[in-house]
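Hi,

Here is the structure I promised to pass on. Have a look at it first, and my notes follow underneath.

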Amino acid sequence: MAKILIVDDRPINRHFLGYVLGFASHTVLEAADGEEALEIARIARPDLLIADIVMGNMDGIQLAREIRGDPSIARMPIIFYTAMYRERERPAIPSDCGACAVLPKPSDPKEILSLVQKVLGLPPSPLPQAPGEAPRQAVAATDLPAEVKRAMSGLRLSTVIEVGLDLAAQADPARLVEKLCRAARDIIGAGLAVVAVIDEEGHWPGHVAAAPVGAVSGGHVPDQAVLTELMGSTRPKRLRGFPSPQQASGTLADSPPIQSFLGVPIASAKRAYGAMYLCNKLDAGEFSDEDERIGVTLASQLALAYENTLLASEIRRNAEQLKEEVVRRSQTEQELERLNRDLLANVRQREHAEQEVREVLFRSIGVQEEERRSISRDLHDQTGQLLTGLRMLLDRISRSPGEDNAPVVEEAKCIVADLLDEVRTMAFQLRPSTLDDLGLIPTLLQHFQQYTKHTQVRVDFHHEDLPARLPDNISLGAYRIVQEALTNIARHAGVKKAMVRVWVRDNRLFVQIADSGKGFELSPVLVSSGISGMHERARLLGGKLSVASTPDRGTTITLEAPLPESSD
């Protein structure tokens, strides 16, 4: 007979096929994976290859492609024997594999031999007979030899394990139900299988599957009442010889009759998830104890796999929620950090502003005290002396009322005139009225006259491109800076001439006061209150003040202040 190579990573599957094919006098070769099978095929040149699909190292699909790519063995027929693919899923197997057929796992020995003989082009082979019996062409599964029965039982258990592993790897609840339904029908051997479970939201029935796929369209309607009753029970149920649920309820008179029934709840230790029932045991009158045990095992596998799927789905949802929460918290933390930085910057800015205010107040107080000291000195040195002299003259007149006091009166009048002149000078220094009436240039000219008269220091004054009137605050600020700078020249420079220049460029006012006197070293420690006051006045005008000085080479002070657009 034929030489057949069996490839499966499970020894029990190889042994079962070996038993069945051995009864038909075929020579059987075995390989545990695709790589070993490819090596054997190239050496032994078998007539047929029967291979599982899901294997380690090299799977059945890759093995078939390798064989089709080797001219020496490319024409070898191939049968896939697997629980992962059913006959209706054959289109899903790549066409370049060149598979002749797909044999469901497990299959009845009669089906296996029939398909093998057909693929090999041989006449049907009789099934093995019991001791003392004549050869026969058809035998019920219950009449198979004990050795074959034991192999079939082991194969069914192996397939149950394989299905359990496949279910554990499936993440789609609907696919889980479909796989279990087809596997239960194929392994147990039933004409119909129906499986239903709750959905992810707990709705019942959620996912429902029937096998074969055309069972519902062919007349069977899954009975929800039966499924609900099974789901609420804790034990499987086996019956035989009763009408179908649809016939019993009268909803579907043409529904096929049910000769045998096996129902199993689908539940884990934690909760019930659904139910499964199978109808019409193939090649037998009723479902056996072994069928019931396999059904319970498959239902338990589905319950655990479905429970794990729901838990995995919940974990994914929680992970996504946690990820979103982490992102939200990270964004919140970043926003809080930004707000804290802004708040800290605002606090520092406010502290800096308060410090500047304190410094300005301190300098202002210093400037005020300096001005008061100057006024006090002028009152004491000049106005006070004039008043003292006037009082003495008045005392002389009062002691000799009868004498000719005309000369004394004239002298008193001169003192009064000097006193009035001094008072006018002081008033002009405090706030010249001409600044409001005539503007900056006339006020400066008047001040230069008084300044030269009192200090003997001549002022060279130049001005150009000035508008008719400047804003009051700019006029007053510029006047005070010129006044303070000339006062410092008279006191410290030791010169007889000073230079003052005023001009406008690019809508900015420039005022420059210079001398060629003693000068001084620029140092923050040595800056006088007068210079500090000038800096402060420049800042109040929105401008800046620069001081350049070199010992024995003089000093230059320059004010630069912006003018409003209306000052052109």
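Two strands count as paired if DSSP finds at least two bridges between them. Please keep in mind that this is a predicted model.

With that in hand, strand S3 (residues 48–51) and strand S4 (residues 78–82) are partners: three bridges join them in the parallel sense. One of the residues involved is Leu-49, whose bridge partner in S4 is Ile-78.

These two strands belong to an open sheet of five, ordered S2-S1-S3-S4-S5, with parallel pairing. Why is one side of strand S2 and of strand S5 left without a neighbour in the sheet? Strand S2 (27–31) and strand S5 (101–104) stand at the edges and each has a single partner strand, so nothing in the sheet flanks the other side. On average, neighbouring strands here are turned by 20° against each other, ignoring direction.

Helices lie across this sheet too. Helix H2 (residues 34–44) crosses strand S1 (3–7) and S2, running at about 140° to S2. Helix H3 (residues 60–68) lies across S1, S3 and S4, and runs at about 175° to S4.

Then there are the nonpolar cores. The largest contains 43 residues, and Val-195, Ile-266, Met-276, Tyr-277 and Leu-278 have the most contacts inside it. Among the elements that give two or more residues to this core are strand S6 (190–197), strand S9 (258–267), strand S10 (272–281) and helix H9 (289–399). A second core, separate from that one, has 37 residues, including Tyr-451, Leu-470, Leu-541 and Ala-561.

Best wishes

Methods
Residues are numbered from 1 along each chain as its sequence is written. This is a predicted model: local features need pLDDT of at least 70, side-chain atom pairs count only at pLDDT 80 or more; totals for chains, interfaces and linings use all residues. Side-chain values use heavy atoms; hydrogens and water are left out. Helices (H or I, at least four residues) and strands (E, at least two) are DSSP runs, numbered from the N terminus. Axes are lines fitted to C-alpha atoms, for helices over the stretch in contact, and angles run from 0 to 180 degrees between N-to-C directions. Contact means heavy atoms within 4.5 Å. A nonpolar core is a set of buried Ala, Val, Leu, Ile, Met, Phe, Trp, Tyr and Cys residues joined through side-chain atoms within 4.5 Å. Buried means under 20% relative accessible area, exposed over 50%, partly exposed in between (1.4 Å probe, protein chains only).
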